[in-house]
Amino acid sequence: MTILITAGPTREPLDPVRYLTNRSSGKMGYAIADSAAAHQHRIILISGPTEIEIPDGVDFIPVETAAEMYAAVEKYINKADIAIFAAAVADYRPAEFQDQKIKKHGDTLTLELVKNPDILGSCRDKFHFTGTLIGFAAETQNVESNARGKLERKGCDLVIANDVSRADIGFDSNENEILLVYKDQTELIEKAQKSHLAHIILDLATKLHRTS
Ligand code: CTP
């Protein structure tokens with residue numbers, strides 16, 4: 001099978017030396033890519049900047065901004081049977097890129113931001129993707145109901161949610177605890193190594209694809 005995975009943060013440049021970004025190590029997305037490549041699937045890994053080595057045997061598409069990630073997903077998604085969106089995409093970008101470094105002036109600085117496109121949310125309506133669609137939801141409260149809202153709004157088959165307010169899991173940690181939110185049920189997978197969760201997620205994704 002061909003599996004497209006987005007991973008890592010995006011970077012939205014403000015001037016030549018500064019950018020806005022999201023907190024994300026990329027570990028979860030890369031762990032899924034590793035696991036899928038080991039199972040002989042074809043992987044298209046579209047990734048923002050991370051410190052992680054590129055897994056062997058994947059087609060690697062490096063991107064920086066949300067706009068670049070959007071264009072890469074648009075180009076490749078219809079080659080995929082399954083698409084897994086683990087990237088932490090910046091929801092907004094600076095309205096203007098300043099060619100020269102912004103100098104200090106007053107005591108405050110107001111930035112104008114404009115909304116980035118919702119890449120996962122474009123898959124069904126704009127890219128006409130009909131394969132299995134899996135999103136992530138990093139939440140600090142009302143984890144299940146927020147994740148279910150995303151599942152419905154973005155046309156996903158599964159949303160994998162985690163509580164990022166907990167210090168012991170998520171972000172830079174090697175461990176995570178995830179809530180699987182399907183159209184008709186919810187299931188908790190207790191705290192485990194991200195590499196182990198990656199195997200579980202891959203297994204669920206291929207099963208979902210076979211039964212859809
Ligand atoms: N996502 C995306 N493009 C965006 C924002 C999010 O593809 N511009 C994807 C993420 O990769 C993730 C899912 O959508 O799989 C949910 O991301 P999240 O940031 O939690 O959701 P938002 O829709 O941005 O909602 P909010 O920030 O309001 O919680």
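The following dialogue concerns a predicted model and asks how some of its descriptions are justified.

Visitor: Why is Leu14 called buried or exposed, whichever applies?

Guide: Leu14, whose place is in strand β2, has a relative accessibility of 10%. Buried means under 20%, so Leu14 counts as buried.

Visitor: Which residues are in contact with Leu14, leaving aside its neighbours within four places in sequence?

Guide: With those neighbours left aside, Leu14 is in contact with Tyr19, Pro94, Glu96, Phe97, Gln98, Ile102 and Leu111. The criterion is heavy atoms within 4.5 Å. Glu96 is 82 residues from Leu14 along the chain, and the C-alpha atoms of the two are separated by 7.2 Å.

Visitor: What makes Thr65 count as buried or exposed?

Guide: Thr65 is found in the loop between β5 and α2. Its relative accessibility is 14%, and the limit for buried is under 20%, so Thr65 counts as buried.

Visitor: What does the side chain of Thr65 reach, and at what distance?

Guide: The side chain of Thr65 reaches the backbone nitrogen of Glu68 at 3.1 Å. A polar contact requires N or O atoms within 3.5 Å, and the value of 3.1 Å satisfies that limit. Beyond its neighbours within four places in sequence, Thr65 is in contact with Thr10, Arg11, Glu12 and Pro13.

Visitor: How do you know on which side of α2 its buried residues lie?

Guide: Helix α2 comprises residues 66–76, and its buried residues are Ala66, Met69, Tyr70, Ala72, Val73 and Tyr76. They cover an arc of only 170° around the axis, and therefore they lie on the same side of α2. In general, an α-helix has 3.6 residues a turn, so residues three or four places apart point the same way.

Visitor: Against which elements do the buried residues of α2 pack?

Guide: The buried residues of α2 pack against the strands β1 (2–7), β2 (11–15), β4 (42–47), β5 (58–62) and β6 (82–85), and against α3 (119–122).

Visitor: Why is the pair of Tyr70 and Phe127 called stacked, tilted or edge-to-face, whichever applies?

Guide: The count comes to one aromatic pair. In this pair, Tyr70 and Phe127 are 5.1 Å apart centre to centre, with 65° between the planes. Ring centres must lie within 6.5 Å, and planes over 60 degrees apart count as edge-to-face; the pair is therefore edge-to-face. Tyr70 lies in helix α2 and Phe127 in the loop between α3 and β9, so the pair ties together parts that are 57 residues apart in sequence. Both Tyr70 and Phe127 are buried.

Visitor: What makes β4 largely enclosed by the rest of the structure?

Guide: Five of the six residues of β4 are buried, so this strand is largely enclosed by the rest of the structure.

Visitor: How do you know that β4 pairs with β1 and with β5?

Guide: Strands pair if there are at least two bridges between them. Six bridges join β1 to β4, and five join β4 to β5. Both counts meet the requirement, so both are strand pairs. β1 and β4 run parallel, as do β4 and β5. Ile44 in β4 stands opposite Leu4, and in β5 the bridge partner of Ile44 is Asp59.

Visitor: What makes strand β10 mostly covered, and how many bridges join β9 to β10?

Guide: Strand β10 (residues 158–163) has five buried residues out of six. Six bridges join β9 to β10, and these strands run parallel. One facing pair consists of Gly135 and Val159, the latter in β10.

Visitor: Why do Gln40 and His128 count as buried or exposed, whichever applies?

Guide: Exposed means over 50%. Gln40 has a relative accessibility of 68% and therefore counts as exposed; His128, with a relative accessible area of 56%, is likewise exposed. Gln40 is in the loop between α1 (27–38) and β4, and His128 is in the loop between α3 and β9 (132–139). Neither is a glycine, yet Gln40 has a positive phi of about 70° and His128 one of about 55°.

Visitor: What makes the approach of Asp91 to the ligand a polar contact?

Guide: An N or O atom in the side chain of Asp91 is 3.0 Å from an oxygen atom of the ligand. The limit is 3.5 Å, so this counts as a polar contact. Nitrogen atoms of the ligand are involved at two further residues: a backbone N or O atom of Pro117 lies 2.9 Å from one, and a polar backbone atom of Ile119 lies at 3.0 Å. Of the 14 residues around the ligand, those that come nearest are Phe85, Ala87, Leu120, Lys150 and Lys154.

How values were computed: Residues numbered from 1 in each chain as written. Predicted model: local features only at pLDDT ≥ 70, side-chain atom pairs only at ≥ 80, totals over all residues. Heavy atoms only, no water. Buried < 20%, exposed > 50% of the residue type's maximum accessible area, 1.4 Å probe, protein only. Helix = DSSP H or I, 4+ residues; strand = E, 2+ residues; numbered from the N terminus. Arc of directions from axis to C-beta. Phe/Tyr/Trp six-rings, centres within 6.5 Å; stacked < 30°, edge-to-face > 60°. Near = heavy atom within 4 Å. Polar contact = N/O pair within 3.5 Å; in protein donor to acceptor, adjacent residues only side chain to side chain.
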